[in-house]
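Subject: Structure for your review

Dear colleague,

Please find the structure below, together with its sequence. My findings follow it.

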Amino acid sequence: MKPVVSLTGASLKFGKRALWEDLDLDIMPGEFFAVLGPNGSGKTSFLKVLLGLQDLHRGQAMLGSRPVERGSSLIGYIPQQKSFAPDTPMRARDLVGLGVDGHRWGLRLSPGKANRKIDQLLELVGATEYAKVPVGQLSGGEQQRLRVAQALATDPQILLCDEPLLSLDLHHQQAVSALINKQCREQNSAVVFVTHEINPIIDYVDRVLYLAGGRFKVGTPEEVMTTEVLSDLYGSHVEVIHANGRIVVVGLPDATTHHHAPTHVLAGEAA
Ligand SMILES: Nc1ncnc2c1ncn2[C@@H]1O[C@H](COP(=O)(O)OP(=O)(O)OP(=O)(O)O)[C@@H](O)[C@H]1O
């Protein structure tokens, strides 16, 4: 089996600051790959490299047998959440329809088939009941489920997810991560899942790329999420506790956080 994502000798620097150096990595079809690390460690930049939006400082990034390129038809992308303006008139089903219409082979489905596909996708993410509501009127979590449906519309070989669980309640965190895992296991998509928090996806993750302080570690969660490995990456003692199938990292350096404060509160949502 050939990798769908390959990085060779990859380094990314901004000015003198390296986010990572000499990264060699193959991600295989059907692999659930998590990218973890504190704020500012380079997780989103890693996705941008794969999206062809960020050049490497050194090394090579390939998707399948071709160098990364903008707009690759291999990729489905769930961006980090930004809310739609409250007066956005587009309906929920039209947003999902954008993914269906832009089919990877450039062939448009007939209107009937496209509508059926949109209905299936809406049902998949539990969004049927608000299919006709303008997206600007939906909560952050409801909007996020539509973005997942849109990203799955083309059955992508590589599904890039940038903090897709932010602003979802626990029930929908579980539903959305199970959905992404289903795409991975049943359609053999490679999933690259950026997150601050491994626990909601701990049952699904095959391997982890942990970025911190300009360094990285790649391996299974058992290999990477240990007191020794993370203390080494952070350059100070942190304690990794495994309890009830969850992983808790205690004693992160002061400037480090794994949790986002919400950047804004959407109309109609509690703070
Ligand atoms: N185009 C750029 N030019 C200069 N610096 C950049 C650029 N893009 C990102 N950076 C810096 O690189 C660092 C990593 O940013 P990135 O968004 O990849 O981090 P992240 O791990 O996704 O963070 P967060 O968890 O806060 O979303 C940040 O310090 C950011 O300011």
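For the shell around the ligand, a residue is counted as near a molecule if its C-beta atom, placed from the backbone, lies within 6 Å of it. Please note that this is a predicted model.

The ligand is surrounded by F14, L19, G37, N39, G40, S41, G42, K43, T44 and S45. Helix α1 (residues 43-50) provides the largest share of this shell, namely three residues. Sorted by class, the shell has seven polar residues, two nonpolar ones and one charged one.

The chain is divided into domain 1 (1-74 + 157-271) and domain 2 (83-155). Taken over C-alpha atoms, their centres are separated by 25 Å. Domain 1 contributes 16 residues to the contact and domain 2 contributes 15 residues. On the side of domain 1 that touches domain 2, the largest share, six residues, comes from helix α5 (residues 170-187). The residues on that side of domain 1 comprise eight nonpolar, six polar and two charged.

Turning to the interior, the largest nonpolar core has 70 residues, and those with the most contacts inside it are V96, A149, I158, V191, V192 and F193. This core draws at least three residues from each of domain 1 and domain 2. As for I158, leaving aside residues up to four places away in sequence, this residue touches V4, V5, L63, L74, I75, S189, A190 and V192.

Two sets of strands also deserve mention. In an open sheet, four strands follow the order β2-β1-β4-β5, with antiparallel pairing. The edges are occupied by β2 (17-27) and β5 (66-67); each has a single partner strand, so one side of each is left without a neighbour in the sheet. Strand β1 (residues 5-14) is joined to β2 by seven bridges, and the two run antiparallel. L7, for example, has L25 in β2 as its bridge partner.

Strand β3 (residues 32-36) has five of its five residues buried, so this strand is largely enclosed by the rest of the structure. Both of its faces are covered, with F32, A34 and L36 buried on one side and F33 and V35 buried on the other. In a regular strand, side chains alternate between the two faces of the sheet. β3 pairs in the parallel sense with strand β8 (residues 190-194) over four bridges, and V35 stands opposite V194 in β8. Strand β9 (residues 207-212) also pairs with β3 in the parallel sense over four bridges, where A34 stands opposite V208.

Yours sincerely

Notes:
Residues numbered from 1 in each chain as written. Predicted model: local features only at pLDDT ≥ 70, side-chain atom pairs only at ≥ 80, totals over all residues. Nonpolar A, V, L, I, M, F, W, Y, C, P; charged D, E, K, R; others polar. Domains from an automatic or database assignment. Contact = placed C-beta atoms within 7 Å. Core = buried A, V, L, I, M, F, W, Y, C linked by C-beta atoms within 7 Å. Buried ≥ 20, exposed ≤ 12 C-beta atoms within 10 Å, placed from the backbone. Pairing = 2+ DSSP bridges.
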